[in-house]
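Reader: Please take a close look at one loop residue in this model and tell me what surrounds it. Some context from elsewhere in the chain would be handy too.

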Amino acid sequence: MIKLTLCLSLLVFTFAMSFGQTGTVKGRVLNASSNQPVAFANVVISGTNIFTLSDTAGYFEISGINPGYYRLSALSVGFENTQTEEFHVTNARVTFVNITMQEKPTELDEVVVKATAFKRAEESPVSLKSIGIAEIERSPGANRDISKVIQALPGVASGLSYRNDLIVRGGGPSENRFLVDGIEIPNLNHFGTQGASGGSVGIINSDFLREADLFTGAFPANRGNVLSSVLEMKLIDGNPDKMVYRAALGASEIAASASGPLGEKTTLLLSARRSYLQLLFNVLGLPFLPTFNDYTLKVKTRFDLKNELTLLSIGSLDNSVLNTNIDNPDEEQQYILSYLPAYDQWTYAIGAVYRHYRDHSYDTWVLSRNMLHNESRKYENNNEDGNLTLNYVSREIENKFRYENNARLGDYKIISGAGFEFAKYTNNTFQRVFIPQVNDTLTSLNYDSYLDFFKYNAFVQVSRGFLSDKLTLSAGIRADGATYSGETNNPLRQLSPRASASYGLTDKISLNANIGRYFQLPSYTTLGYRDAAGVLINKVNGIRYIQSDHLVAGVEFRRNADAQLSLEGFIKWYDHYPFSVNDSVSIASKGANYGTYGDEPAIPTSSGRAYGAELYYRDKLLDRINVILSYTLVRSEFEDKNGKLIPSAWDNRHILNVSASTGFNRNWNVGMKWRFVGGAPYTPFDYNRSSLIEAWDARGQGYPDYTLYNTRRLDNFQQLDIRIDKEYFFNKWSLDFYLDIQNLYNFQSKDPDVLVLQRDANGNPVTDSEDPTRYTLKSIAFRSGTVLPTIGIVVEF
């Protein structure tokens with residue numbers, strides 16, 4: 001009976017797979033500036049001989065395509081050759097791809113520009129890398145998390161293995177900005193560090209991602225309040241043909257999404273995800289139990305060829321409680337339980353983007369609001385009937401308006417616009433603290449803070465090609481201001497010029513460079529910090545915009561449309577960075593931990609620098625093996641209290657990523673990624689201060705010895721990840737299985753040793769026999785890293 005059932009199942013399975021093995025791509029070719037249709041454009045599936053022509057209204061259709069990941073190339077007289085971002089063809093739905101082509105005057109000596117997958121903007125000829133949907137979906141070890149995928153790009157370092165801190169070219173995790181379809185979101189991750197960018201898991205559902213662009217320098221003038229990177233993510237539009245559903249089971253969450261029409265001119269994207277980590281962590285006996293939820297909603301209406309409106313909202317709801325029911329916790333579990341608080345956090349961003357096209361330009365109007373609510377609490381001995389040692393409740397709210405005009409006037413490209421924001425910050429803090437270097441006193445922070453102010457900016461950038469477009473020059477300027485204080489309200493003090501140049505030595509080799517000055521306001525936690533008297537002490541201290549000057553230059557070689565080799569050198573100079581009054585160190589080295597960042601007294605006196613070089617190689621070997629290699633040499637240094645440059649926490653020195661993937665018959669795909677990160681500096685603990693009972697009870701862990709700040713260095717980190725994908729295509733639905741194994745050879749990275757309480761046979765802390773005001777502490781070694789296999793399932797119908 002069992003054999004018969006298996007045979008029948010196999011027959012049904014084989015019969016089902018014999019239908020619907022091909023897909024269809026539909027779309028429209030449009031003028032990028034005016035949004036008018038481009039008739040009779042040649043539309044080709046890149047790398048194949050399959051092509052069609054757009055009709056008089058710009059529409060095209062290609063059928064009979066085998067499922068997989070593709071790009072389209074478009075060619076038309078009077079337009080630059082164009083290649084689209086990657087898209088996924090499946091039989092479960094029709095794939096819709098619009099192609100926007102940039103108009104170009106036809107000249108007799110015109111240089112032929114070949115369509116390529118590698119993006120280069122006139123404003124940013126260097127320090128820009130794009131990631132397609134195939135890489136996002138199938139990156140080994142990333143589990144479809146964009147926060148982890150971008151860690152393979154040059155210049156990007158990772159912090160702790162269980163966090164998604166974005167550390168770019170030696171800059172801290174607070175120096176980055178994130179946009180989705182032109183709307184800024186405050187943080188990219190669940191359980192985000194307030195005031196920085198890190199967290200544990202990304203909040204963006206990769207099912208909806210179309211492409212991601214990472215700027216690690218050469219920021220265009222319309223992107224401000226940033227020092228290290230801008231990550232611009234673009235979502236797909238809803239399916240205009242029919243409602244398509246998708247369900248996924250991943251490493252840490254389950255997800256469901258829908259894409260389809262709401263009317264003749266309106267489409268919908270909707271997804272929701274919920275984690276099951278709390279169940280796994282409880283079974284494994286881990287000392288904390290996290291739960292996260294998120295949603296994504298996008299509604300797009302194309303009123304006509306000249307007008308369109310996008311409504312977008314992304315939000316998350318996170319909760320983490322302590323697992324105090326562990327039987328006989330070991331020293332590591334006791335240590336984590338002693339200092340880790342419980343967390344509640346929710347965020348959302350909601351906005352509208354209206355775009356109006358003119359004959360040679362288009363206007364973009366963006367109105368948005370984002371909010372972060374963050375709570376944490378800790379009880380003495382984790383007894384909720386006992387004394388509170390921490391009770392923190394804070395909110396950050398931003399209401400934003402931005403106008404942009406993108407114009408093509410002859411040979412000139414002009415981007416101009418302005419922005420206006422209203423920001424509000426609240427903080428209710430009670431915390432028992434033991435302040436080192438200030439008479440070693442135990443005290444309590446107990447304050448309420450309310451802060452609101454306006455921010456404003458204006459920008460313009462002009463680009464033009466010369467010498468038959470062999471030489472491209474771009475210059476821009478931006479001014480930012482805020483009513484926070486007299487130090488920030490004059491935008492002329494935050495005037496940030498920038499300039500780029502790109503010269504094509506041949507049709508394959510180019511020289512590129514950029515120089516610019518950039519400004520960023522310190523975090524709201526720093527701006528809104530108050531002392532015991534309720535005074536905005538950092539405002540009194542003259543906190544102002546942080547300044548960073550960038551210089552980048554490089555050479556790029558493109559062997560063909562699928563191959564790129566680039567070498568870039570960079571240097572960044574920092575000034576006016578907040579300097580911690582309590583710890584006598586630059587807060588530039590902080591922010592890579594859970595909780596909050598920057599909520600302390602500071603003065604704007606810290607200076608530093610980061611410099612290095614990046615090598616990036618990407619190719620398709622033997623026409624089937626995709627290979628990516630990136631190497632970064634980086635140094636990051638900030639001044640100590642004596643004005644001496646010392647390594648920052650992001651001084652990893654060497655970062656190497658090697659990845660490869662290939663497809664096989666019957667829809668198999670195999671990929672690998674090996675990552676090496678040089679050991680980061682760290683600060684040892686101060687045993688003398690940490691052993692004081694008052695000090696330990698206030699914090700639950702040791703205190704760094706800031707006289708030895710960043711004088712130690714961790715061992716180098718390395719990890720090999722592999723991923724195997726198998727897709728099945730049935731009649732009108734598809735099924736994708738994947739096996740992802742992180743840290744295949746079980747590399748154990750050594751973390752800094754930690755101090756823990758010496759306990760007696762009954763589990764009680766042991767006091768020093770010669771000094772009853774002190775605990776007896778001991779040091780234990782921490783290692784992280786284990787083989788982590790994951791089986792994922794994605795169903796689309």
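Author: First, some vocabulary: helices (H or I, at least four residues) and strands (E, at least two) are DSSP runs, numbered from the N terminus. This is a predicted model, where local features need pLDDT of at least 70, side-chain atom pairs count only at pLDDT 80 or more, and totals for chains, interfaces and linings use all residues. Residues are numbered from 1 along each chain as its sequence is written, and side-chain values use heavy atoms, with hydrogens and water left out.

Let's go to Q102, which sits in the loop that links β9 (95-101) to β10 (128-132). Buried means under 20% relative accessible area, exposed over 50%, and partly exposed in between (1.4 Å probe, protein chains only). Q102 has 16% relative accessibility, so it counts as buried.

What is packed against Q102? Contact means heavy atoms within 4.5 Å. Setting aside neighbours within four places in sequence, Q102 is in contact with A32, S33, F79, E80, T82 and R408. S33 has a further tie: its side chain makes a polar contact with the side chain of Q102, at 3.4 Å. A polar contact is a pair of N or O atoms within 3.5 Å; within protein, one must be able to donate a hydrogen and the other to accept it, and residues adjacent in sequence count only if both atoms are side-chain atoms. As for Y503, 401 residues away along the chain, its C-alpha atom is 20 Å from that of Q102.

For a second loop residue, try N164, found between β11 (156-157) and β12 (167-168). With a relative accessibility of 2%, N164 counts as buried. Its contacts, again leaving out neighbours within four places in sequence, include D145, S147, K148, Q151 and N189, along with the run G198, G199, S200, V201 and G202. With N189, the side chain of N164 also makes a side-chain polar contact, at 3.1 Å.

A helix gives another view: in α5 (residues 331-339), the buried residues are Q333, Y335, I336 and L337. Their cover includes β20 (288-304), β21 (307-322), β23 (361-379), β41 (749-757) and β44 (777-784). At the start of α5, a side-chain oxygen of D330 comes within 3.2 Å of the backbone nitrogen of E332.

Zooming out, the protein chain has 9 helices and 45 strands, and 56% of its 797 residues are buried. Of the contacts with a separation of 6 or more, 66% join residues 24 or more positions apart.
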